[in-house]
Amino acid sequence: MAPSPAHDSGHDASGLSRFLSCGDTALVVEFGDTINRALSERVLHLRDRIRAAALPGVVTLVPTFRSLMIHYDPLVTGRATLEAAISRLMHGADSLERIPRNFEIPVCYEDKMAPDLREVAARVGITSDEVVALHGACRYHVYMVGFVPGYPYLGDLPDVLALPRRADPRVHVPPGSVAIAASMTAVYPLQSPGGWHLIGNTPAPMFDVTWASPALLGPGDAVRFVAIDSRRHAELQAAARAGELGPRDFVVTA
């Protein structure tokens with residue numbers, strides 16, 4: 001949902017953010033118009049500050065690439081009250097150190113699970129093995145979760161792998177598909193349509209309504225992809241279907 005510019009209160013004193021109304025139950029703090037980690041960190045710092053402050057009436061906080069949406073109960077608070085409180089919280093927010101959760105996600109890059117891998121390699125002028133090595137060498141940042149429940153947008157992909165989305169999107173993308181497009185990589189938690197390039201598949205459950213927090217990954221998390229073979233994929237997939245895998249199985253300490 002796009003915020004309404006008609007209710008733009010303008011930039012704050014620093015000139016680096018602005019408040020936007022989104023209906024009568026949500027307020028957006030917008031920090032910029034690009035995708036980069038520094039801007040994402042500002043969004044996440046503010047999210048953490050608002051959480052810690054436990055502002056009355058705040059219901060849900062939704063980080064995006066460049067903004068934070070604050071859903072609130074209009075019977076408890078209003079835009080003017082929230083804007084004033086959030087403005088105070090924003091002072092000094094960028095100086096906070098945020099320690100991310102670190103995850104390792106197993107991925108099988110073999111042909112039957114990576115229908116676009118060979119094409120991607122040919123288009124960028126390297127081998128399939130080099131694509132896999134480059135994809136697995138990065139420590140990715142979760143910018144936001146959206147599109148379908150638990151779908152993480154992770155950056156930043158190595159420049160050599162950056163390709164536009166497919167000209168012919170698929171109607172059915174298998175769950176667990178690991179994909180790339182532009183500067184991002186992602187994992188499809190559920191079967192859904194999709195136009196990204198599929199280069200692997202993970203047996204890790206990305207979304208489970210029985211978990212305390214149903215999405216495996218959240219904004220601000222750090223992720224590495226670890227290559228596995230199809231036999232290990234089958235073992236982990238069986239464990240996942242039996243309910244034997246949860247978030248703790250993919251968290252690492254460093």
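Which residues does Met184 touch, not counting residues up to four places away in sequence? We will start with that residue and then walk through the rest of this predicted model.

## Met184 and its surroundings

Met184 is found in strand β10, which covers residues 184-187. Leaving out residues up to four places away in sequence, Met184 touches Ile35, Phe65, Tyr143, Tyr153, Leu154, Gly155, Asp156, Leu157, Ala179 and Trp196. Met184 has a relative accessibility of 5%, so this residue counts as buried, the cut-off being under 20%. If you would like a distance to check on screen, the C-alpha atoms of Met184 and Ala162 are separated by 7.9 Å, with the two positions 22 residues apart along the chain.

Two of the residues touched by Met184, Gly155 and Asp156, deserve a second look. The peptide bond from Gly155 to Asp156 is cis, and its omega is near 10 degrees. Asp156 itself lies in the loop that runs between β7 (152-155) and β8 (170-173).

## Helix α1

Helix α1 takes in residues 37-53. Its 17 residues should span 24 Å at 1.5 Å a residue, and because the end C-alpha atoms are 24 Å apart, the expected and computed values agree. At the start of the helix, a side-chain oxygen of Asn36 comes to within 3.2 Å of the backbone nitrogen of Ala38. Just after the helix, Ala54 takes a positive phi of about 50 degrees.

Which residues of α1 are buried? They are Leu39, Ser40, Arg42, Val43, Leu44, His45, Leu46, Arg47 and Ile50. The elements that cover these buried residues include the strands β2 (26-30), β3 (58-63), β4 (67-72) and β6 (140-145), together with helix α2 (79-90).

## The sheet and the helices on it

Strands of a sheet pair through backbone hydrogen bonds, in either a parallel or an antiparallel way. Here, 4 strands form an open sheet in the order β1-β2-β4-β3, and the pairing is antiparallel. The edge strands, each pairing on one side only, are β1 (18-21) and β3. On average, neighbouring strands of this sheet are turned by 20 degrees against each other, direction ignored. Inside the sheet, β2 and β4 are joined in the antiparallel sense over 5 bridges, and Val28 stands opposite Met69 of β4.

Helix α1 lies across β2, β3 and β4, and runs at about 165 degrees to β3. Helix α2 also packs on the sheet, where it touches β1, β2, β3 and β4; the direction of α2 makes about 155 degrees with that of β1.

## Where α1 meets α2

Two packed helices are described by the angle between their axes and by the distance between those axes. For α1 and α2, the angle is about 115 degrees and the axes are 10 Å apart. The crossing of α1 past α2 is right-handed. On the α1 side the contact is made by Leu46, Arg49, Ile50 and Ala53, and on the α2 side by Ile86, Leu89 and Met90. Leu46 and Ile50 are also among the buried residues of α1.

## Asn201 and Leu236

Asn201 sits in strand β12 (residues 197-201). With a relative accessible area of 9%, Asn201 is buried. What does its side chain make polar contact with? One partner is the side chain of His233, at 2.8 Å. In addition, the backbone oxygen of Gly176 lies 3.5 Å from a polar atom of the Asn201 side chain. Beyond four places in sequence, Asn201 is in contact with Pro106, Val107, Cys108, Met113, Pro175, Gly176, Ser177, Val178 and His233.

Leu236 belongs to helix α5 (residues 230-241) and is buried, at 11% relative accessible area. Setting aside neighbours within four places in sequence, Leu236 is in contact with Pro106, Pro203, Ile228 and Leu245. Pro106 is thus one of the residues that appear in the contacts of Asn201 and of Leu236.

## Two loop residues with positive phi

Phe147 is not a glycine, yet its phi is positive, at about 70 degrees. This residue lies in the loop between β6 and β7.

Ala182 is another residue other than glycine with a positive phi, near 55 degrees. Ala182 is found in the loop between β9 (177-181) and β10. Is Ala182 buried or partly exposed? At 42% relative accessibility, Ala182 counts as partly exposed.

Conventions. Residues are numbered from 1 along each chain as its sequence is written. This is a predicted model: local features need pLDDT of at least 70, side-chain atom pairs count only at pLDDT 80 or more; totals for chains, interfaces and linings use all residues. Side-chain values use heavy atoms; hydrogens and water are left out. The expected span of a helix is 1.5 Å times one less than its number of residues. Buried means under 20% relative accessible area, exposed over 50%, partly exposed in between (1.4 Å probe, protein chains only). Contact means heavy atoms within 4.5 Å. A polar contact is a pair of N or O atoms within 3.5 Å; within protein, one must be able to donate a hydrogen and the other to accept it, and residues adjacent in sequence count only if both atoms are side-chain atoms. Two strands pair if DSSP finds at least two bridges between them. Axes are lines fitted to C-alpha atoms, for helices over the stretch in contact, and angles run from 0 to 180 degrees between N-to-C directions. A crossing is left-handed if the near helix is turned anticlockwise from the far one by less than a right angle, and right-handed if clockwise.
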